[in-house]
Amino acid sequence: KIISSDNPNVEIGKLMVKELKQTKGKWEGKVYSPKRKKWYDAEFIPKGNKLDIELSVGFFSKTVEWTKK
């Protein structure tokens, strides 16, 4: 859930990740895209204080890196 944001357009309380399952040291689940209003398959890979999130859409994929502050 989003609990706070500097972006005034963000919907506080909105669920962004669901259906998390751990498999072989990785986490799989779904991520919500507010811009497209759709859920996408994602793989979450923890790497120290960073988290790589690989989104899959059909034949395309994109990796986003989140850093813990």
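Val-57, Phe-59 and Phe-60 come together as a nonpolar patch on the surface, and their combined accessible area is about 440 Å². The model in which this patch appears is a predicted one. Its protein chain contains 5 strands and 0 helices, and Phe-59 of the patch falls in the loop that links strand S4 (50–57) with strand S5 (60–67).

**The surface patch and its loop**

- Phe-59, located in the loop between strands S4 and S5, has a relative accessibility of 88% and therefore counts as exposed, the cut-off for that class being over 50%.
- The other members of the nonpolar patch are Val-57 and Phe-60; strand S4 covers residues 50–57, while strand S5 covers residues 60–67.

**Asp-52 in strand S4**

- Asp-52 is a residue of strand S4, and because its relative accessibility is 12%, where buried means under 20%, Asp-52 counts as buried.
- The side chain of Asp-52 is joined to the side chain of Lys-47 by a polar contact of 2.9 Å.
- When neighbours within four places in sequence are set aside, the residues in contact with Asp-52 are Glu-43, Phe-44, Ile-45, Lys-47, Thr-63, Val-64 and Glu-65.
- Of these contacts of Asp-52, Lys-47 is thus also the partner in the side-chain polar contact, whereas Thr-63, Val-64 and Glu-65 are among the residues that Asp-52 touches within the range 60–67 of strand S5.

**The aromatic pair**

- The protein chain has a count of 1 aromatic pair, formed by Tyr-32 and Trp-39, whose rings are tilted with 55° between the planes and lie 5.1 Å apart from centre to centre.
- Tyr-32 counts as buried because its relative accessible area is 14%, whereas Trp-39, with a relative accessible area of 30%, counts as partly exposed.

**The chain as a whole**

- Read along the sequence, the secondary structure of the protein chain follows the pattern β-β-β-β-β, in keeping with the total of 5 strands and 0 helices.
- The C-alpha trace of the protein chain extends over about 35 × 30 × 20 Å along its principal axes.
- The protein chain has 69 residues, of which 17% count as buried; Asp-52 and Tyr-32 both belong to the buried class.
- The accessible surface of the protein chain amounts to about 6000 Å², and carbon and sulfur atoms account for 53% of this area.
- Among the contacts between residues at least 6 apart in sequence, 4% connect residues that are at least 24 apart.

How values were computed. Residues are numbered from 1 along each chain as its sequence is written. This is a predicted model: local features need pLDDT of at least 70, side-chain atom pairs count only at pLDDT 80 or more; totals for chains, interfaces and linings use all residues. Side-chain values use heavy atoms; hydrogens and water are left out. Patches are made of residues with over 30% relative accessible area and no salt bridge: like charges are joined within 9 Å, nonpolar side chains (Val, Leu, Ile, Met, Phe, Trp, Tyr) within 5 Å. Accessible areas come from the Shrake-Rupley method with a 1.4 Å probe; for residues, only the protein chains shown count as cover. A salt bridge is a side-chain nitrogen of Lys or Arg within 4 Å of a carboxyl oxygen of Asp or Glu. Helices (H or I, at least four residues) and strands (E, at least two) are DSSP runs, numbered from the N terminus. Buried means under 20% relative accessible area, exposed over 50%, partly exposed in between (1.4 Å probe, protein chains only). A polar contact is a pair of N or O atoms within 3.5 Å; within protein, one must be able to donate a hydrogen and the other to accept it, and residues adjacent in sequence count only if both atoms are side-chain atoms. Contact means heavy atoms within 4.5 Å. Rings of Phe, Tyr and Trp (its six-membered ring) pair if their centres lie within 6.5 Å; planes under 30 degrees apart count as stacked, over 60 as edge-to-face and the rest as tilted.
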